Amino acid sequence: MSARYNIFGDAMSYKTNKFLHISTEDDPSIQTISTTYTELTGSKCEVKTIKSNSTLMYKYSFYAQGNEPLTSEEQTFWLHIKLQKSNDNFSSNIVDIPNCCINFSGDTKEIESNADYYYKTFTSFFIVENFDSKYLRLVARSYDTDHKAKLHRNYYYDSTNNVSGIYYNPSLIVAEL
């Protein structure tokens, strides 16, 4: 452990070998979120080399758009997202982390205008205290079948229909605090 001195001469110490995970999912497939919990693409992380009961910061950014066809309230989306932990890569040991959940919602489009699509990037941010597992991930479900979301790709960019789609690469940062 190194020591540094501030202007008052008191010793300060810094832990320099903290866990840090940064990743981006390149060219992800479009992911439709239905009414059952689904792991979000690029949200899973194996947490290595931390002391037991450490505090972690978990930050995941992604893109969402409403479901198509965009002819009614179906284009709005309501997502419930929660953070989970596991010791066995989510095979059987899956635990929801208390107080680490959030709701995201879309807005309505003008029904008269076919060019007004709702889409937005979102960032979920959680502080996980006393982390005692090996894996983290986010799962999401839609409120009901009329309010599904499609993630990671936009087919309508600059008011034109882009057949191949524009990708938004979801990103994940997990850091030991």
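Buried means under 20% relative accessible area, exposed means over 50%, and partly exposed covers the values in between. The exercises below apply these cut-offs to a predicted model.

**Exercise 1. Classify threonine 41 as buried, partly exposed or exposed, and describe its surroundings.**

Step 1. Threonine 41 has a relative accessible area of 23%, and because buried requires under 20% and exposed over 50%, threonine 41 is partly exposed.

Step 2. In the chain, threonine 41 belongs to the loop that runs between strand 5 (38-39) and strand 6 (45-46).

Step 3. Once residues up to four places away in sequence are set aside, threonine 41 touches Glu25, Pro28, Gln31, Tyr60, His152 and Pro170. For one of these, glutamate 25, the C-alpha atom is separated from that of threonine 41 by 7.4 Å, with their positions 16 residues apart along the chain.

Step 4. The side chain of threonine 41 also makes a polar contact, at 3.0 Å, with the side chain of glutamine 31.

**Exercise 2. Describe the fold of the protein chain in terms of its strands, contacts and surface.**

Step 1. The protein chain has 15 strands and zero helices.

Step 2. Of the contacts between residues at least 6 apart in sequence, 77% join residues at least 24 apart.

Step 3. Buried residues account for 37% of the 177 residues, while the chain exposes about 10,100 Å², of which carbon and sulfur atoms supply 46%.

**Exercise 3. Identify which residues touch the most other members of the largest nonpolar core, and follow the contacts of phenylalanine 62 and isoleucine 81.**

Step 1. The largest nonpolar core holds 28 residues, and those touching the most other members are Tyr58, Phe62, Leu79, Leu83 and Leu136. At least two core residues come from each of several strands, including strand 8 (78-86), strand 9 (95-105) and strand 10 (119-131), and strand 7 gives the most, with five residues.

Step 2. Beyond its neighbours within four places in sequence, phenylalanine 62 is in contact with ten residues' worth of listed partners, among them Leu79, Ile81, Phe104, Phe122 and Leu151.

Step 3. Isoleucine 81 lies in strand 8 and has a relative accessible area of 0%, so it is buried. Its contacts, with neighbours within four places left aside, include Leu40, Phe62, Cys100, Ile102 and Leu138.

Step 4. Isoleucine 81 and serine 124 are 43 residues apart in sequence, and their C-alpha atoms are 8.6 Å apart in space.

**Exercise 4. For three of the four salt bridges in the structure, state which elements are linked and how each partner is covered.**

Step 1. Arginine 137 and glutamate 39 meet through their side chains at 3.0 Å, N to O; arginine 137 is in strand 11 and glutamate 39 in strand 5, 98 residues apart. Arginine 137 is buried, at 12% relative accessible area, whereas glutamate 39, at 28%, is partly exposed.

Step 2. Aspartate 96 and lysine 82 form a salt bridge at 2.9 Å, N to O. Because aspartate 96 lies in strand 9 and lysine 82 in strand 8, the pair ties together parts that are 14 residues apart in sequence. Aspartate 96 is partly exposed, at 37%, and lysine 82 counts as buried, at 14%.

Step 3. Lysine 85 and aspartate 132 meet in a salt bridge at 2.8 Å, N to O, which links strand 8 with the loop between strand 10 and strand 11 across 47 residues of sequence. Lysine 85 is buried, with a relative accessible area of 17%, and aspartate 132 is partly exposed, with 46%.

Conventions
Residues are numbered from 1 along each chain as its sequence is written. This is a predicted model: local features need pLDDT of at least 70, side-chain atom pairs count only at pLDDT 80 or more; totals for chains, interfaces and linings use all residues. Side-chain values use heavy atoms; hydrogens and water are left out. A nonpolar core is a set of buried Ala, Val, Leu, Ile, Met, Phe, Trp, Tyr and Cys residues joined through side-chain atoms within 4.5 Å. Buried means under 20% relative accessible area, exposed over 50%, partly exposed in between (1.4 Å probe, protein chains only). Helices (H or I, at least four residues) and strands (E, at least two) are DSSP runs, numbered from the N terminus. Contact means heavy atoms within 4.5 Å. Accessible areas come from the Shrake-Rupley method with a 1.4 Å probe; for residues, only the protein chains shown count as cover. A polar contact is a pair of N or O atoms within 3.5 Å; within protein, one must be able to donate a hydrogen and the other to accept it, and residues adjacent in sequence count only if both atoms are side-chain atoms.
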